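I set out to look up the secondary structure, the exposure, the aromatic contacts and the surface charge of this entry. My notes are kept in that order.

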Amino acid sequence: MLAIIFYALLAYILYRLVFHFILPVYRTYRRVKKGFREMHEQMESRQPGGPQQGPGPSNASQGSPNGQPKAGEYIDFEEIK
């Protein structure tokens, strides 16, 4: 009688493990992998000839996007008298 209860409890634990942990993790893994694959394909289709330049300054000497000069960059100034 005790063996039957033990095996029933073991079967229930395995059922819960498989259907409430392993299967959802596997489904989420496949969904995320599919999303990354689609995103990668979409990015490749946008860039047929090489890297895509976004809007904004294309020259590095124009400063950073927030308007502040980059560290170590020469800034020309006029002396005020």
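The entries below record what I looked up.

**Basis.** I worked from a predicted model, in which local features need pLDDT of at least 70, side-chain atom pairs count only at pLDDT 80 or more, and totals for chains, interfaces and linings use all residues. Residues are numbered from 1 along each chain as its sequence is written, and side-chain values use heavy atoms, with hydrogens and water left out.

**Fold.** I found one helix and zero strands in the protein, taking helices (H or I, at least four residues) and strands (E, at least two) as DSSP runs numbered from the N terminus.

**Exposure.** Of the 81 residues in the protein, 1% are buried (under 20% relative accessible area; exposed is over 50%, partly exposed in between; 1.4 Å probe, protein chains only). The protein exposes about 8,300 Å², and carbon and sulfur atoms supply 61% of that area (Shrake-Rupley method).

**Aromatic pairs.** I counted two aromatic pairs (ring centres of Phe, Tyr or the six-membered ring of Trp within 6.5 Å; planes under 30 degrees apart are stacked, over 60 edge-to-face, the rest tilted). The rings of Tyr 15 and Phe 19 have centres 5.0 Å apart and planes at 45 degrees, so this pair is tilted. Both residues lie in helix α1, four residues apart, about one turn of the helix. Tyr 15 is partly exposed at 44%, and Phe 19 is partly exposed at 46%.

**Charge.** Which residues gather in a patch of positive charge on the surface? I noted Arg 27, Arg 30, Arg 31, Lys 33, Lys 34 and Arg 37 (like charges joined within 9 Å, each residue with over 30% relative accessible area and no salt bridge, that is, no side-chain nitrogen of Lys or Arg within 4 Å of a carboxyl oxygen of Asp or Glu). Arg 31 lies in helix α1, residues 2–46, and is exposed at 61% relative accessibility.

Technical notes
Patch = residues over 30% accessible without salt bridge, like charges linked within 9 Å, V, L, I, M, F, W, Y side chains within 5 Å. Areas by Shrake-Rupley, 256 points an atom, 1.4 Å probe, with all protein chains shown as cover. Lys, Arg positive; Asp, Glu negative; His and termini not counted. Charge placed at Lys NZ, Arg CZ, Asp CG, Glu CD.
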